[in-house]
Amino acid sequence: MKTYTVIYQTENGPKTEFEFNFNEHVLFAGFNHQNVFDNKTFTTQIDEAIIVYSSNMAFIDKDFIKYISKINDPVLLHCSNESLNHDTAYYRLAKAVIRSGGWNPNITKSNVYSIPLAFQSEFFNAEQISPEKFGKRELIWCFFGSLKGDRQIMYKELSKLKPYYHFQSKGWMDKENKTPSEVIEYYKNSLFIPSPAGNIYFECNRTMDALEWGCIPVSIRFLGEDCYRFLYGDHPFIIADSWGEAALKMQELIDDPIKLKIKQQQVWNWYRLFKEELKGDIFRIIEGKTQELKGKQFVYQRMAKKKWKLRWSFFQHFTLNVYFERLIRKLNFNTN
């Protein structure tokens, strides 16, 4: 079997390590590969390589474009474009582009495939310990994060379901945050994990972190859609129109222990199959066998390109609203 080269054009340290276990044990686990950690120097040039990089800026570094232009048929793994403000014109230089974080129906290039945000490396359930091994879960839900945006509504509604645990973090990677191992212990003792939107995008690493440890993800529709199906296909998550409705759906399962156990097992079994299917599909994308993809999420992604109402909603939310917010801030600054 051919051995592919995976070149990490990310800085050594957290930016490379954050998703490394997900890449190794899911995305790239279906084929032989060797890793090269180039520390964002753009020095290693190997044809048909898989280039891992991270950018949420409006424009990619010109040196990066020059770099990939010298490689024949590269596959790009683009991470961290949750603001959806990125000029993706250079994607045409790649054989395929895999976007981890930042599914956008307005990216209509046929060589682009979106996947979920990875679990953090420390959350990898290496032994694949199943939910029943943890015994009875004492907490109905837990949440680690700040109560910004609609999270205050989430907290108000879900706090009716007791017992629960919430840790108010001060910010991303704050030194006073709970460690991953501490969070995992709470996840192992919780039935549900609410997964609200971040600053602007509907998805976060929290979803897959929770799935690794047998929890049931709970969220609400984003711009009127269950957008998780564009990343996970026909998933078994709890998705509601509001956090009040989500709380009711959670309560229904709590009131019926048999249904709750079935739901837990359904989520766990589905997730294991999802990772296996995704592993195979990534290999098919790299091999150019895109007509043989198994994941239903890729079907939904193709369909979304024809959903003009959804595309307009994303354009309005991520482009127009941001533009007008920046314009207002600029006007206020000049006035003051």
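A salt bridge is a side-chain nitrogen of Lys or Arg within 4 Å of a carboxyl oxygen of Asp or Glu. In this predicted model, glutamate 212 and lysine 275 satisfy that criterion, with their closest N and O atoms 2.7 Å apart. Because glutamate 212 belongs to helix H6 (residues 206-212) and lysine 275 to helix H9, the pair ties together parts that are 63 residues apart in sequence. Glutamate 212 is buried, at 0% relative accessibility, and lysine 275 is buried as well, with a relative accessible area of 10%.

Salt bridges that share partners also join Glu225, Arg229 and Lys307 into one network. The structure holds 12 salt bridges, including those tabulated here.

| Acidic residue | Basic residue | Closest N and O atoms |
|---|---|---|
| Glutamate 48 | Lysine 2 | 2.1 Å |
| Glutamate 185 | Lysine 188 | 3.3 Å |
| Glutamate 212 | Lysine 275 | 2.7 Å |

The salt bridge between glutamate 48 and lysine 2 links distant parts of the chain, 46 residues apart: glutamate 48 lies in the loop between strand E2 (33-37) and strand E3 (50-54), and lysine 2 in the segment before strand E1 (4-8). Glutamate 48 is partly exposed at 30% relative accessibility, and lysine 2 is partly exposed at 41%. Glutamate 185 is likewise partly exposed, with a relative accessible area of 46%.

Lysine 275 also takes part in a helix contact: Phe22, Val26 and Leu27 in H2 meet Lys275, Leu278, Lys279 and Ile282 in H9. By class, this contact has five nonpolar, no polar and two charged residues. The axes of H2 (residues 20-27) and H9 (residues 257-287) come within 9 Å and cross at roughly 85°, which means that H2 is roughly perpendicular to H9.

How values were computed:
Residues numbered from 1 in each chain as written. Predicted model: local features only at pLDDT ≥ 70, side-chain atom pairs only at ≥ 80, totals over all residues. Heavy atoms only, no water. Axes fitted to C-alpha atoms, helices over the stretch in contact; angles between N-to-C directions. Helix = DSSP H or I, 4+ residues; strand = E, 2+ residues; numbered from the N terminus. Parallel < 35°, antiparallel > 145°, perpendicular 65-115°, else oblique. Contact = heavy atoms within 4.5 Å. Nonpolar A, V, L, I, M, F, W, Y, C, P; charged D, E, K, R; others polar. Buried < 20%, exposed > 50% of the residue type's maximum accessible area, 1.4 Å probe, protein only.
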